[in-house]
Amino acid sequence: MTQIVSIHSYRGGTGKSNMTANLATTMALLGKRVGIVDTDIQSPGIHILFRLDETKINKTLNDYLWDDDCSAEQIAYDVSYVLNDPNAAASNPNGKIFLIPSSMKSEDIATILSEGYDVELLQQGFYEVADTFELDYLFVDTHPGLNEETLLSIGLSSALVIILRPDQQDYLGTAVIVEVARELEVPKMLLVVNKALPDIDFGILKDKVHETYQLPVAGILPLSTEMLRLGSQGLFCLQHPDHPLTKEVQRIVSHIQG
C-alpha cells in the first residue's frame with residue numbers, strides 16, 4: 001500500500017520543495033518506487049530540481065484537474081535518471097522516481113487563481129498515480145499555509161512532515177498546522193527545523209521544539225552555503241552525498257520509514 005507523505009510549512013521560504021525533492025530522492029536511492037506531486041499550483045517549480053526540460057512537459061497536474069480525458073499516466077514523468085548522478089552513492093537499481101509537475105505558464109496559474117478546481121480530483125489523482133506506478137511512497141509538495149488543497153493533502157497523509165525555521169512567526173504558524181493535523185487524525189507527524197544557524201546549540205533547539213509541540217523532531221538542518229551555491233540547479237543529496245545536511249536528510253527518511 002502506498003504511503004502518502006505530505007511536506008508542509010505554514011509560511012513560504014522554509015525550503016519545503018528542496019526538502020521534498022531530497023527526501024524523495026533519498027528514498028529512491030534505497031530502492032523504493034517514489035512519486036512526487038507538486039501541488040503548489042500557485043507557485044510551482046520542483047521539476048527544476050530534477051532538470052526536467054519544460055519543453056518536454058506536455059501535460060501537468062493542471063491538465064488533470066481540468067480535463068476529464070487526462071490520465072495520471074499522461075502527467076507523470078520518469079525522472080529516475082537523476083539517480084545515475086556520478087556524485088551519488090551507489091543506489092538500488094529498483095529505485096524509481098515519477099514526478100507530477102504543475103504548470104509554470106502564467107495563464108494556467110491565473111486560471112487556477114481565478115476559477116479554482118475540483119479538489120476531489122486531486123484526491124483521485126493521488127490514488128491513480130499510486131496505483132498506476134505501484135508506488136511505495138507518494139511525496140506531496142504542498143502550498144504553504146492552509147487552504148482546501150492543503151487540508152486534503154494533510155488529511156490523506158500517512159505521514160506529515162512539517163518544515164519550520166527557528167523563527168517566531170514559524171513557531172506560531174506551526175502550532176496552527178499541528179492543531180489542524182491532530183484534528184484530522186494524521187497517523188504520524190514529524191517536525192524538521194531547517195536553516196538553523198550553525199552556531200546554535202542544536203540539542204537545545206531540538207529539545208525546545210519537541211517540548212513546544214510534543215512531537216518528534218526528525219531533523220535539524222543547518223543553514224548551508226553549499227545549498228545556497230547550488231541554487232536549485234540539482235539535488236543536494238546527490239551533489240553532496242557526504243555533507244552533514246545530506247546525512248540529516250537520511251535520518252529524516254529513517255523516521256518516515258519507521
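Does lysine 16 count as buried or exposed, and what is its relative accessibility? At 6% relative accessibility, lysine 16 counts as buried (buried means under 20% relative accessible area, exposed over 50%, partly exposed in between, with a 1.4 Å probe and protein chains only). The structure discussed here is a predicted model, in which local features need pLDDT of at least 70 and side-chain atom pairs count only at pLDDT 80 or more, while totals for chains, interfaces and linings use all residues. Residues are numbered from 1 along each chain as its sequence is written, and side-chain values use heavy atoms, with hydrogens and water left out.

The chain contains 12 helices and eight strands (DSSP runs numbered from the N terminus, H or I of at least four residues for helices and E of at least two for strands). Of its 258 residues, 53% are buried. The radius of gyration is 17 Å, in agreement with the value near 18 Å for a compact globule of 258 residues (taken over C-alpha atoms; the globule rule is 2.2 Å times the number of residues to the power 0.38).

Five salt bridges are present (a side-chain nitrogen of Lys or Arg within 4 Å of a carboxyl oxygen of Asp or Glu). In one of them, lysine 16 pairs with aspartate 141, with the closest N and O atoms 2.8 Å apart. This pair links distant parts of the chain, since lysine 16 is in helix H1 and aspartate 141 in strand S5, 125 residues apart. Aspartate 141 is buried too, at a relative accessible area of 0%.

Another salt bridge joins arginine 11 and aspartate 167, with 2.9 Å between the closest N and O atoms. Arginine 11 lies in the loop between strand S1 and helix H1, and aspartate 167 in the loop between strand S6 and helix H8, so the pair ties together parts 156 residues apart in sequence. Arginine 11 is partly exposed at 22%, and aspartate 167 is partly exposed at 29%. Both belong to a network of salt bridges with Arg165 and Asp170.

Helix H12 (residues 244-257) offers a local example: glutamate 248 and arginine 251 form a salt bridge, the closest N and O atoms being 2.5 Å apart. The two are three residues apart in helix H12, and therefore separated by about one helical turn. Glutamate 248 is buried at 14%, whereas arginine 251 is partly exposed at 45%.
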